Amino acid sequence: MPPDSDPLACPWGWDELEATVAACTACPLHRGRTQTVFGVGNWRAEWMFIGEAPGEQEDLQGEPFVGRAGQLLNEMIRAIGLKREDAYIANVLKCRPPKNRDPAPEEAAACEAYLKAQLALVRPRIIIAVGRIAAQNLLKTATPIGKLRGQVHDYEHIPLVVTYHPAYLLRSLTEKRRAWEDLKLARRIFNQQHR
Ligand code: URA
């Protein structure tokens, strides 16, 4: 395939991308941030987890999923048989929305090239969309999360599985079983690719 027809072609290297994100003023969220929250993990990860946006702790520490939801995400990653350090973890937004409100469509659009670049650099073998916002932004759909989970989607020829956000699971323990089913589905799909 010629490079410019590759939908995941990336104009940046890691250092340049991280510096570009750190200096970004493309949407008003930059005014309220302590720092940008770029992403963390293994640059050669086979599994990439994509969440919504930094919360308070993430904004303070500069790393995604370090608060209570992050502890549960770590358990979810362990349930698949991985360690957090084996995966790559990023968010749709790199800056914290005020009072943790949902990202506005124009904020997600302003940040989209950065997430795409991270996907292009990691080139994971499977993507887990963590929560409704990540799923709807990646799949460009308004379909409710209940209808998106439980099946395998395609993101630029990479299989993508949707699961519930750990912050939601902390409030709704009855849905935990479903989230664990999603993770088992993802593990099955991943293993099938590698037979
Ligand atoms: N929720 C997210 O979606 N991402 C984080 O980094 C933290 C909480």
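## Close-ups of a predicted model

**View 1. Glu 46 is partly exposed, with a relative accessible area of 36%.** The model shown here, and in every view that follows, is a predicted one. Let's start with the partner of Glu 46: this residue makes a salt bridge with Arg 125, and their closest N and O atoms sit 3.4 Å apart. Where in the chain do Glu 46 and Arg 125 come from? Glu 46 belongs to the loop between β1 (40-41) and β2 (47-51), while Arg 125 belongs to the loop between α4 (105-122) and β4 (126-130). The two are 79 residues apart, so this pair links distant parts of the chain. Arg 125 is also partly exposed, at a relative accessible area of 42%.

**View 2. Glu 112 and Lys 140 join up through their side chains in a salt bridge, with 2.7 Å from N to O.** This is another link between distant parts of the chain, with 28 residues separating the partners. Glu 112 is in helix α4, and Lys 140 is in the loop between α5 (132-139) and α6 (145-148). Is each partner buried, partly exposed or exposed? Glu 112 is partly exposed, at 28% relative accessible area, whereas Lys 140 is exposed, at 58%.

**View 3. Arg 149, Arg 177, Glu 181 and Asp 182 are tied together in a network of salt bridges.** Zoom in on one pair from this group: Glu 181 and Arg 177 form a salt bridge, and their closest N and O atoms are 3.0 Å apart. How are these two placed along helix α8 (residues 176-193)? They are four residues apart in that helix, so about one helical turn separates them. Arg 177 counts as exposed, with 53% relative accessibility, and Glu 181 is partly exposed, with 36%. If you go hunting for salt bridges elsewhere, a search of the whole structure turns up nine.

**View 4. Cys 24 and Cys 27 are both buried, with relative accessible areas of 14% and 16%.** How many disulfides does the model have? The count is zero. To see why for these two, check the sulfur distances against the cut-off: a disulfide needs two cysteine sulfur atoms within 2.5 Å. For Cys 24, the closest cysteine sulfur is that of Cys 111, and at 6.2 Å it is too far away for a bond. For Cys 27, the closest cysteine sulfur belongs to Cys 95, again 6.2 Å away and too far for a bond.

**View 5. The ligand has Gly 51, Glu 52, Ala 53, Glu 58, Pro 64, Phe 65, Asn 91 and His 165 around it.** Which of these use backbone atoms to contact the ligand? Among them is Glu 52, with a polar backbone atom 2.7 Å from an oxygen atom of the ligand. Ala 53 is another, with a backbone N or O atom 3.1 Å from a ligand nitrogen. Phe 65 also has a backbone N or O atom in place, 2.9 Å from a ligand oxygen. How much of the ligand ends up covered? On its own, the ligand has 240 Å² of accessible area, and the protein covers 92% of that.

**View 6. Six strands line up as an open sheet, in the order β1-β3-β2-β4-β6-β5.** The pairing across the sheet is mixed. Here's a quick reminder: strands of a sheet pair through backbone hydrogen bonds, and they can be parallel or antiparallel. Which strands are at the edges? They are β1 and β5 (152-155), and each of them pairs on one side only. Elsewhere in the sheet, β4 and β6 (residues 158-163) run parallel, with four bridges joining them. Look for Ile 128, which stands opposite Val 161 in β6.

**View 7. Leu 160 lies in strand β6, and Lys 184 lies in helix α8.** Which is buried and which is exposed? Leu 160 is buried, at 0% relative accessible area, while Lys 184 counts as exposed, at 55%. Now try a couple of C-alpha to C-alpha distances. Leu 160 and Ile 189 are 9.6 Å apart in space, with their positions 29 residues apart in sequence. Lys 184 and Asp 15 are 34 Å apart in space and 169 residues apart in sequence.

Methods: Residues are numbered from 1 along each chain as its sequence is written. This is a predicted model: local features need pLDDT of at least 70, side-chain atom pairs count only at pLDDT 80 or more; totals for chains, interfaces and linings use all residues. Side-chain values use heavy atoms; hydrogens and water are left out. Buried means under 20% relative accessible area, exposed over 50%, partly exposed in between (1.4 Å probe, protein chains only). A salt bridge is a side-chain nitrogen of Lys or Arg within 4 Å of a carboxyl oxygen of Asp or Glu. A residue is near a molecule or strand if one of its heavy atoms lies within 4 Å of it. A polar contact is a pair of N or O atoms within 3.5 Å; within protein, one must be able to donate a hydrogen and the other to accept it, and residues adjacent in sequence count only if both atoms are side-chain atoms. Accessible areas come from the Shrake-Rupley method with a 1.4 Å probe; for residues, only the protein chains shown count as cover. Two strands pair if DSSP finds at least two bridges between them.
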